[in-house]
Amino acid sequence: MDFRFEIITEYMPFFLEGMMLTILLSVVGVLVGCILGFFIALGKMSPVLLIRFPFTWYINFLRGTPLLVQLFLFHYAVLPALLGDTTAVTSVIVTLSLNSSAYVAEIFRAGLQSIDKGQSEAAHSLGMNKFQVMRYVLLPQAFKRSIPPLGNEFIVLLKDSSLGAMIAAPELLYWGRAAASQYLRVWEPYLMVALIYLVLTLSLTYLLNYLERRFDVK
Amino acid sequence: MITVKHLKKTFGDLEVLKDINVEIKQKEVVVVIGPSGSGKSTFLRCLNLIESVTDGTVTIDGQEITDKKMDINKLRAEVGMVFQQFNLFPHKTVLQNITLPMITVRKWKKQDAEAKAMELLAKVGLQDKASVYPDSLSGGQKQRVAIARALGMEPKIMLFDEPTSALDPEMVGEVLEVMKQLAKEGMTMVVVTHEMGFAREVGDRVIFMDDGYVVEENEPIALFQNPQHERTKAFLSKVL
Ligand SMILES: Nc1ncnc2c1ncn2[C@@H]1O[C@H](COP(=O)(O)OP(=O)(O)OP(=O)(O)O)[C@@H](O)[C@H]1O
Ligand SMILES: [Mg+2]
């Protein structure tokens, strides 16, 4: 079998462009997911059943259905109905953000609930109110414990952003498919695309390991 | 200073406190003893509303704290509590552990809070540990920091729930020493403990609890040497 390197060289600028979009999609997805996920975690921990209920089902739906189905649903149905129109990139960002918010919410909830009850009791016994206990005692500890699983979520999201290719969002895999169909070759473009994903996820792993060490102040 | 009337506490079907009536005067040191599960911790936790009260009233300094309209955060700042498991904040240094509530609850300026915290650390003999994290302290040191942290709020009353039970024997003394000092300075204290020596030496009164009731209370010597109830006798024969 001959390996046609010139396909890779020719498509390299597009692969890099796609890579940038892949990074953008997953970074925005994980950031928005963290912000939303935080409030969803609080909602799901509410002692009031009526408040808890919608958050529980939000999480159930987003974790219990395939991401690709969610993407189609948002791209072809929900977003056009809400906005009148949508682009592939918008749809991917919205879907990834919402999807990761459900996972992040569970990560934060687990983090908060793993903190010993004595911590909030001690803080309350000193006269701190609910907000202060959350802000100064529980969240910093829960956040630190959430870094490793959040890192995993980031990596999963980065790989899942490749589903954007299914609605022609010009991210990394999209350009791999473009090269494959132009040259009717599968090895070169898909190996290259896989390699770039691997470089991204490994760099991310190293970055996260570094952060974990940095935040481990003790 | 503290008046407890017909205090009841239930967890679901479990009646933990059945009918507690206690009166504690200013500057008094009251030691609470009793078998495991008798409700000692629950009683203490009701005094600063970490546990909600099912029925009855608790009045502190003329204020009925069990009144629903009461600002509990304000009350809790006046009642310090020290736990068996220390419950220091692991992500904060020793100094920050003490200054955090002073700054957030009392609204002290940071420098003032730090100066006061250093004073308190000196008082418990740990000024050289101000900038370390709790993880690097021994159990006895942690408990002394926890006491300093509670004192930072300038409480009127200090509650201690088995403050030395989680400590290695050689560290019990240093914590009891700090508590004795506090008692000498006139702090009103309620102490759940198995340290009968401490009860005898420092306690003004000992309360014996069993099965959700106060069975008997008296001055330490009188209670230890001349218990009136069978249950008190049975318990004391095991621990003395
Ligand atoms: N949050 C809770 N929910 C349900 N039951 C509880 C709770 N807290 C305490 N109990 C129960 O209440 C009873 C009294 O507990 P408490 O901790 O007050 O006893 P104690 O006298 O402090 O015992 P020990 O000497 O073991 O500390 C126990 O049977 C305990 O299982
Ligand atoms: Mg107890």
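# Exercises on a predicted two-chain model

A polar side-chain atom of Ser41(B) sits 2.6 Å from an oxygen atom of ligand 1. The model is predicted. Start from this contact and work outward.

**Exercise 1. Which residues of chain B surround ligand 1, and which backbone atoms lie by its oxygen atoms?**

Step 1. List the surroundings. Phe11(B), Leu14(B) and Val16(B) are among them. So is a run from Pro35(B) through Ser36(B), Gly37(B), Ser38(B), Gly39(B), Lys40(B), Ser41(B) and Thr42(B). Glu162(B) completes the list.

Step 2. Look for backbone atoms. A polar backbone atom of Ser38(B) is 3.2 Å from an oxygen atom of ligand 1. For Gly39(B), a backbone N or O atom lies 3.0 Å from an oxygen atom of the ligand.

Step 3. Add the side chain. Ser41(B) contributes a polar side-chain atom, at 2.6 Å from a ligand oxygen.

**Exercise 2. Describe how chain A is built.**

Step 1. Count the elements. Chain A has eight helices and zero strands.

Step 2. Read their order from the N terminus: α-α-α-α-α-α-α-α.

Step 3. Box the chain. Along the principal axes, its C-alpha atoms fill roughly 70 × 45 × 25 Å.

**Exercise 3. Compare the record with the model for chain A.**

Step 1. Consult the record. An unreviewed UniProt entry lists residues 20-43, 55-78 and 190-211 of chain A as "transmembrane region".

Step 2. Check residues 55-78. This span of chain A is 92% helix and 0% strand. Its end C-alpha atoms are 19 Å apart.

Step 3. Check residues 190-211. Here chain A is 100% helix and 0% strand. The end C-alpha atoms lie 31 Å apart.

**Exercise 4. How many residues does each chain give to the contact, and what joins the chains?**

Step 1. Count residues. Chain A gives 19 and chain B gives 25.

Step 2. Take the area. The two chains bury about 1800 Å² between them. Carbon and sulfur atoms carry 61% of that.

Step 3. Find the salt bridge. The rule finds one across the interface. Its partners are Arg45(B) and Glu121(A), with N to O at 2.8 Å.

Step 4. Count polar contacts. There are six residue pairs, both residues at pLDDT 80 or more.

Step 5. Place the chain A side. Helices α5 (117-125) and α6 (130-160) of chain A each give two or more residues to it. The largest share, seven residues, comes from α5(A).

Step 6. Sort that side by type. It divides into eight nonpolar, eight polar and three charged residues.

Key:
Residues are numbered from 1 along each chain as its sequence is written. Chains are lettered from A and ligands numbered from 1 in the order in which they are written. Side-chain values use heavy atoms; hydrogens and water are left out. Contact means heavy atoms within 4.5 Å. Buried area is the accessible area (1.4 Å probe) that two parts lose on being put together, summed over both. A salt bridge is a side-chain nitrogen of Lys or Arg within 4 Å of a carboxyl oxygen of Asp or Glu. A polar contact is a pair of N or O atoms within 3.5 Å; within protein, one must be able to donate a hydrogen and the other to accept it, and residues adjacent in sequence count only if both atoms are side-chain atoms. Helices (H or I, at least four residues) and strands (E, at least two) are DSSP runs, numbered from the N terminus. Ala, Val, Leu, Ile, Met, Phe, Trp, Tyr, Cys and Pro count as nonpolar, Asp, Glu, Lys and Arg as charged, and the others, Gly among them, as polar. UniProt positions are given in the numbering used here, feature names are shortened, and annotations may be inferred rather than shown by experiment. A residue is near a molecule or strand if one of its heavy atoms lies within 4 Å of it.
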